[in-house]
Amino acid sequence: MASHSDTLVVFFGATAGANGGKLGSDEREIILLVWQIVDLHEKKVGKLHRCLVKPDTLELTDECKEETELNVDDLSKADPLDKVLQQFQQSVQAELKDLGRNSFTLCVDGPQVVRQALHPEASKKNLVLPECFFSFVDLQKEFHKCCPNAGPVEDLTLSSMLEYLGLSSVSEHASGLLDVRNMVQLALHILAEPHNHRFSSFESVKYKFESGTCSKTELVDSETVIRARGLPWQSSDQDIARFFKGLNIAKGGVALCLNAQGRRNGEALVRFVNQEHRDLALERHKHHMGNRYIEVYKATGEEFLKIAGGTSNEVAQFLSKENQVIIRMRGLPFTATPQDVLSFLGPESPVTDGAEGLLFVKYPDGRPSGDAFVLFSCEEYAQNALRKHKQILGKRYIELFRSTTAEVQQVLNRYMSAPLISTLPPAPILPVMATPPFLATANTRDCVRLRGLPYTAAIEDILEFMGEHTVDIKPHGVHMVLNQQGRPSGDAFIQMKSSDKAFMVAQKCHKKTMKDRYVEVFQCSTEEMSIVLMGGTLNRSGLSPPPCKLPCLSPPTAYGAFPSPAMLSEAGLYQPPLLAAPRPPPQHSAHSPTPTLAYYPPQPHLYMNMNYTAYYPSPPVSPSTVGYFAAPPGAMATAVSQPHHPASAAAAAAHAHHAAAAAHAHHAHAGSSPMMASAHGSLVRMQGLPYSAGVKDILSFFQGYQYAPEDFGGVGQLNDQARSLIQPKEWLCL
């Protein structure tokens, strides 16, 4: 439009639900549009138009029926929204031609009808609104400029503004007509003497969302930021901008949040141009994006900067090209080059500026992470690239997703700023039990971590991989880590005889090959190793404590199921991962026949809050490690506790032999359930039992091994983990 000063079109709308200040807050469709032209030069008015709109859902709330005096029968005969908008455009253009005017501007009583009703509904129905609906003047704000003493804008209503000017409301009964006539009367009055007001505060609705970067040093007003929760995982910044259609989002103001694994968690932080738009966005709480409702809450500027802010010059240069479509590639081979990626995308999806439009995500030491971001100049090229989702590059399938500038910043910040192995937080001072010598708490860096091991790797493979450095390994110093399913995780820890030996191994063996895979070797401390072997995690995102250190978890449901006279001690019930190393012998009490199992939880009092079913730690070793550096029978007999009834060391060694032999029985029966001997001659643990397995099945499984049936009082079964605790001879059971 050439000018905003020729003509005003006073515009009113109503929905099938809430109206007035809450219009559009309940996602109801528009059912009524009313408009009238006002010539600003001649102070004349045109014809008054009133059109009913047929919604897709013919249902009206009681509040709507009372305010509009409309019913379903009236609306069923009306035209849909797109036809009514065409009528609006044609009638306004015809009247402008008769008046000799060239342009017009909408005049509304509050922004809700344009921002909260018309634009969101048109976006959902894929309607293209005429250009005139992207600019308007708000009569309330114009009146406040003309009469600043009338009160704050948010408190102004048509009746209060008319009362302030000493005007009486027009007599009109039809819904919508009364509002438009009063708005026209009010506009003509402030245009005339003595006010001589000039309409100049034109508001705009952005045509599309503008991507951009945000610096961590930028000041972000907390009154302009919201948090959207419940987003579909595949939604992009453009999808979020479409959800908030009609409201102006700041440039680069959509930041998709990622979880600890770098994947979207269904949340986003959105920054608007001012507080008014933020407040209107909060009215869209539980509005729908597709079939999902989206929760909208207030957020802070600090939260937005934490997600969207960046300092990398490389990222700033990559994102300096505006109006580009960003695609994220995940799962790239570590050896992939820019030319490999360009060839994979093909000529049908050319990358902006070739290799300059690629950004590979790397770790602080320069190694590739397998992620990359790609720029495309238009939507068509991006769509062609997305069709290659899960196609093969090299020997890996590649995932492709839409991305945002904020996600680029967030991913780069996470990979580049996180230390390789972060420092541990100070542990709380609590009573602790004796810790085994191989899990000493000293922060001596005399261990190495092997990462990227083949899943089929055994102890022998690791020893061969270590080569000449094998002689520097401590006895029982190889600990292979299994995941929660009891399968190899590809990680292992090795205890060396000194820090110097560990340093040499990390230097000499880093990225050596084992079974066609290169293995990474890092020097680490005993404390870090202990945390992982106790059930924690150690990765590039930092060190997470084991579940036993989480004080907020609910108590285990299985805890109260054991009879108190035969209950295991707290340390015995919540045992840490089992290791291939001897344990301190259990101490028998003179007053109780139940021995205390000498496991080694670092903080036993915290185990009481541990969710037993969900966080039962998996053993970090495979069954093949039981015999590694095994102690001679004499030493083994010494390590085993003295039986409740006096027995010779030879008898104890015999029982130890049976317990260790039972640990290997899984190769023959029960679907090869993995089973560990937690201590020679003391305890056997089975994993992978069928859910239908009973005590008789387990007794049958151990047929041929010596145990005392009268001492075998029962089997403690865990429903979710399908584990059993079996106690051989000379041990009292649950």
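In the predicted model, helix α10, which spans residues 301-308, lies across three strands, β9 (225-229), β10 and β11 (264-272). The helix runs at about 70° to β10. These three strands belong to an open sheet of 5 strands, arranged in the order β10-β11-β9-β13-β12. Pairing within this sheet is antiparallel. In general, strands of a sheet pair through backbone hydrogen bonds, in either a parallel or an antiparallel manner. The edges are formed by β10 (249-258) and β12 (287-289), each of which pairs on one side only. From one strand to the next, the twist averages 30°.

At one edge of the sheet, β12 is joined by 3 bridges to β13, a strand made up of residues 292-298. The two strands run antiparallel, and Met289 stands opposite Arg292 of β13.

The largest nonpolar core contains 34 residues. Within this core, the residues that touch the most other members are Leu8, Val10, Ile31, Phe143, Leu186 and Phe199. At least two core residues are supplied by each of β1 (7-15), β2 (30-39), α5 (139-146), α6 (158-165) and α7 (177-191). Helix α7 provides the largest share, with 8 residues. When residues up to four places away in sequence are not counted, Leu8 touches Gln36, Ile37, Val38, Leu40, Thr105, Cys107, Val137 and Phe199. A second core, separate from that one, has 29 residues, and Val9, Trp35, Val108 and Leu129 are among them.

Helix α16, covering residues 499-509, has a buried side and an exposed side. Its buried residues include Ala502, Val505, Ala506 and Cys509. These residues lie on the same side of α16 because they cover an arc of only 100° around the axis. On the other side of the helix, Asp500, Gln507 and Lys508 are exposed. The cover over the buried residues of α16 includes both helical and strand elements: helix α15 (459-466), together with the strands β20 (447-451), β22 (488-496), β23 (512-514) and β24 (517-524). After α16 comes Lys511, which has a positive phi near 65°.

Technical notes:
Residues are numbered from 1 along each chain as its sequence is written. This is a predicted model: local features need pLDDT of at least 70, side-chain atom pairs count only at pLDDT 80 or more; totals for chains, interfaces and linings use all residues. Side-chain values use heavy atoms; hydrogens and water are left out. Buried means under 20% relative accessible area, exposed over 50%, partly exposed in between (1.4 Å probe, protein chains only). Helices (H or I, at least four residues) and strands (E, at least two) are DSSP runs, numbered from the N terminus. The arc is that of the directions from the helix axis to the C-beta atoms. Contact means heavy atoms within 4.5 Å. A nonpolar core is a set of buried Ala, Val, Leu, Ile, Met, Phe, Trp, Tyr and Cys residues joined through side-chain atoms within 4.5 Å. Two strands pair if DSSP finds at least two bridges between them. Axes are lines fitted to C-alpha atoms, for helices over the stretch in contact, and angles run from 0 to 180 degrees between N-to-C directions.
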